[in-house]
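Student: Could you take me through one part of this protein slowly, the place where its aromatic rings gather, and then show me what surrounds that part?

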Amino acid sequence: MAEPIVVKLTDGVRPLNVVGEQITVLASGDRTGSYEVFHQIGPEGSGPPPHSHPWDEAFYVVAGEIAFGIGEQELVAHAGAFVHLPAGTTHWFRFGKGGGEMVSLTSREGASHMFADFDREISPTAPELDKLIELGRPYGLTVAVPAG
């Protein structure tokens with residue numbers, strides 16, 4: 001039987017630095033037995049390149065506005081908006097003016113380990129796309145590399 005999980009951000013939980021964002025693992029898949037939950041804070045303009053992965057992902061915007069690209073669509077989500085993306089959906093997001101905050105959820109374990117690898121191996125201020133692709137590959141991450 002899984003144990004209850006209680007996390008307070010004021011307890012000194014160290015956020016991971018991932019492509020300019022601060023991502024705190026609230027519940028990892030090894031603790032829940034399946035899904036993962038994260039708290040994400042990003043400064044204006046931060047966010048990942050277009051990518052997809054083998055887990056569903058959902059976002060609840062807590063503060064600010066966040067632009068999401070989903071396939072060929074683009075939308076702006078404000079505080080109170082919920083966005084769900086099925087596994088394999090190519091997507092990206094950018095924190096808007098003044099930055100933002102959201103809680104995200106994945107349908108299975110994987111993202112927490114990948115984010116820890118990114119935090120350990122990739123500069124948060126000058127991320128190398130090739131290194132991000134290499135580190136994400138074992139987790140099923142596919143990055144849409146811009147043409148040119």
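**The aromatic cluster and its surroundings**

Tutor: In this predicted model, Phe-59, Phe-68, Phe-93 and Phe-95 come together as one aromatic cluster. A search of the whole structure finds five aromatic pairs, and two of them deserve a careful look here, namely Phe-59 with Phe-93 and Phe-68 with Phe-93. A pair of aromatic rings is described by the distance of the centres and the angle of the planes.

Phe-59 and Phe-93 make an edge-to-face pair, with 5.4 Å from centre to centre and 65° between the planes. Because Phe-59 lies in strand E5 (residues 57–63) and Phe-93 in strand E9 (residues 91–95), this pair ties together parts that are 34 residues apart in sequence. Are these two rings buried or exposed? Phe-59 counts as buried, since its relative accessibility is 0%, and Phe-93 is buried as well, with a relative accessible area of 4%.

Phe-93 also pairs with Phe-68, and this second pair is tilted, with 5.8 Å from centre to centre and 50° between the planes. Phe-68 belongs to strand E6 (residues 65–70) and Phe-93 to strand E9, so the pair ties together parts that are 25 residues apart in sequence. Both Phe-68 and Phe-93 are buried.

From the cluster we can follow strand E5 outward to its partner. E5 and E10 run antiparallel and are joined by six bridges, and one position to find in the picture is Glu-57, which stands opposite Thr-106 in E10. Strand E10 (residues 100–106) also pairs in the antiparallel sense with strand E3 (residues 36–42), over seven bridges, and in this pairing Val-103 of E10 is the bridge partner of His-39. If you look at the two faces of E10, you will find that the covered one carries Gly-100, Met-102, Ser-104 and Thr-106, while the uncovered one carries Glu-101, Val-103 and Leu-105. Thr-106, the residue opposite Glu-57, is therefore to be looked for on the covered face of E10, whereas Val-103 is on the uncovered face.

Not every phenylalanine of this protein is hidden in the way that those of the two pairs are, and Phe-82 in strand E8 (residues 82–85) is a useful contrast, because at 57% relative accessibility Phe-82 counts as exposed. Together with Tyr-60 and Val-62, Phe-82 forms a nonpolar patch on the surface, with about 300 Å² of accessible area for the three together.

Finally, for a link made by charges rather than by rings, turn to the four salt bridges that the structure holds. In one of them the side chains of Arg-14 and Asp-119 meet, at 2.6 Å from N to O. Arg-14 lies in the segment before E1 and Asp-119 in helix H2, so this pair ties together parts that are 105 residues apart in sequence. Arg-14 is exposed, with a relative accessible area of 53%, whereas Asp-119 is buried, with a relative accessible area of 18%.

Conventions: Residues are numbered from 1 along each chain as its sequence is written. This is a predicted model: local features need pLDDT of at least 70, side-chain atom pairs count only at pLDDT 80 or more; totals for chains, interfaces and linings use all residues. Side-chain values use heavy atoms; hydrogens and water are left out. Rings of Phe, Tyr and Trp (its six-membered ring) pair if their centres lie within 6.5 Å; planes under 30 degrees apart count as stacked, over 60 as edge-to-face and the rest as tilted. Helices (H or I, at least four residues) and strands (E, at least two) are DSSP runs, numbered from the N terminus. Buried means under 20% relative accessible area, exposed over 50%, partly exposed in between (1.4 Å probe, protein chains only). Two strands pair if DSSP finds at least two bridges between them. Patches are made of residues with over 30% relative accessible area and no salt bridge: like charges are joined within 9 Å, nonpolar side chains (Val, Leu, Ile, Met, Phe, Trp, Tyr) within 5 Å. Accessible areas come from the Shrake-Rupley method with a 1.4 Å probe; for residues, only the protein chains shown count as cover.
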